[in-house]
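Open the model in your viewer and keep the selection panel at hand. Each stop below names what to pick and what to look for there.

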Amino acid sequence: MTSARKTFDLVVVANRLPVDKQLDEDGNVDWQRSPGGLVTAMESVMRANPGAWVGWSGDAGEAPAPFYEDGMHLRPVGLNAEEIRDFYEGFSNDTLWPIYHDVIVPASFHREWWAAYERVNRRFAEAVAVEAAPGARVWVQDYQLQLVPALVRELRPDVRIGWFNHIPWPPVELFAQLPWRARILEGLLGADFLGFQRQSDARNFVRACRQLLGLKTKGDRVALADGSGRRIRAAAIPISIDYMGLEALAKRPDVMERAKEIRESLGDPKVLMLGVDRLDYTKGIRHRLKAYEELLHERHIGPPDVTLVQVATPSRERVEAYRYLREEVEQTVGRINGELGQIGAPAVHYLHHSYPREEMAALFQAADVMLVTPLRDGMNLVAKEYVTCRHDLGGALVLSEFTGAWHELHQAFTCNPHDIEGLKQTMLRAISTPTRDKQRIMRALRRRVADHDVQRWARRYLAALDAAPDLPAPDPRGPSAAAPVAPPESAPLAPNATGPADGEPVTASTSVSE
Ligand code: ADQ
């Protein structure tokens, strides 16, 4: 007797599984929940919908058998060592990542990397096809999996497919450099709905379809020319964080106590500045250090009154541009401390580690000025985490206008990190603005994040996906009389129906009054 295999109404597909493999002392495998924002977001969605998650386990070799973890069905996808090199480190992180981030470093193009990207995307799509129940919702994440939507549609035309881009979508002039640009656009157009961090990302995508594929577009919709009549919607639904969960953590007495301890161990500076980033060239760490170094040289600020803690999480260390960045940042920190530090009072405390959430929340509460200065960033969750942890209304957020977060948090101390002189002035302003004014700003920033948390992001995304696909209405006179119809305006994203459209700056009329 055979029993029907269980399939799932919601399948999330991401490059990585939401768990990390750990080996205990006896060499037994244990899976630990990874603390990322996506996992937290999906937790609440998956509690309501029995879900599966398809992703790579993070190790080279055969995929482990599917397993359950905290009520989630996890289906690992295997990558061999060459595929990790070519698909992940190569095409994803050394071709797409730089192109999608304004070519801050040059992108590398290699045909064998593309071949691996295609092959691995197909493997992910095949895994999805096995897990999805009839008519399921499939939610594909990010730039590593842009071919998956069309591949899943080929295998499973019955399912509803969404894709969300966590990083920026580049202007068409940059995207056009990609030798495989048409294939990527066609891969994405297999979806029913495409979500982006900012409206300008969605608009860039629509423009690329028009200019590079010659497709007709209207507003946020791209009409396919394959006779299906499908129109794909591309819109901004900016990601957020678990505001309630993080705020509760930040209010824990042990975390607040730890924040005090951190300040004490740094010699109780008058002003503690903080940077927290993956060690990535997009994050503007070098620009931040340059501005800080100049302020020190010019004696505007200096230790022991002012100090900077820079947490730089290890990242993509096998990609050359990242190794080079690390060397440069570490040399700069060494130089600043050598020239401008004092005994017992270094100018920069540089930490190249990952920390538990509690420690991050304590650091955020300890910091008077949070420096978020990316040259380009899809969203930047650190900015949202910082204001969430400041339930005391203390602190000041310096925020680059090149982050997705700035489009929601533009009351922050805004900076253009390329303008070193301007960045220096903004840092000084963040220090010297009167406390009452800073509290007013912090209250408005916190309100925005509280109202637009990650649970709302996930609900909005799935509502938009459910409103898709956008097909011409059947003609009551029969198929031969079918004529194009105006796309229905789907309710969930109607701008300004209940407030600002997500992704839009909070304007004077919608910002929170005191
Ligand atoms: P990332 O570029 O990885 O993500 P970001 O949004 O800054 O970045 O989030 C990083 C996360 O890692 C934050 O939750 C932060 O607290 C945490 N973190 C950083 N350093 C840490 C450390 N040393 N120890 C522990 N935790 C640390 C991509 C895009 C972003 C987008 C996110 C989500 O590049 O633009 O905001 O996806 O969509």
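This is a predicted model. Start by selecting Val 140 and Trp 163: Trp 163, in strand 8, is the bridge partner of Val 140. Now trace the chain from strand 7 through helix 4 (residues 148–155) to strand 8; this β-α-β crossover is right-handed. Strands 7 (residues 132–141) and 8 pair in the parallel sense, over 5 bridges.

Stay on strand 8, residues 160–164. Of its 5 residues, 4 are buried, so the rest of the structure largely encloses it. Next, pick Gly 162 and find Phe 193 of strand 9 opposite. Strand 9 (residues 193–196) pairs with strand 8 in the parallel sense over 3 bridges.

Go to strand 1, residues 8–16. It runs parallel to strand 7, joined by 5 bridges. Phe 8 stands opposite Ala 132 in strand 7. Add helix 3 (residues 111–131), which packs on the sheet and touches strands 1, 4, 6 and 7. Its direction makes about 155° with that of strand 6.

Zoom out to the sheet. It is open, has 10 strands with mixed pairing, and follows the order 5-6-4-1-7-8-9-12-11-10. Select the edges: strand 5 (67–69) and strand 10 (216–218) each have a single partner strand, so one side of each lacks a neighbour in the sheet. On average, neighbouring strands are turned by 25° against each other, direction ignored.

Last stop: helix 14, residues 420–432. Its 13 residues reach 18 Å from first C-alpha to last, close to the 18 Å expected. Show its buried residues, among them Ile 420, Leu 423 and Met 427. The buried residues pack against partners including helix 10 (285–297) and helix 15 (435–451).

Key:
Residues numbered from 1 in each chain as written. Predicted model: local features only at pLDDT ≥ 70, side-chain atom pairs only at ≥ 80, totals over all residues. Heavy atoms only, no water. Buried < 20%, exposed > 50% of the residue type's maximum accessible area, 1.4 Å probe, protein only. Helix = DSSP H or I, 4+ residues; strand = E, 2+ residues; numbered from the N terminus. Pairing = 2+ DSSP bridges. Right-handed = clockwise from strand over helix to strand, strands pointing away. Expected span 1.5 Å × (residues − 1). Contact = heavy atoms within 4.5 Å. Axes fitted to C-alpha atoms, helices over the stretch in contact; angles between N-to-C directions.
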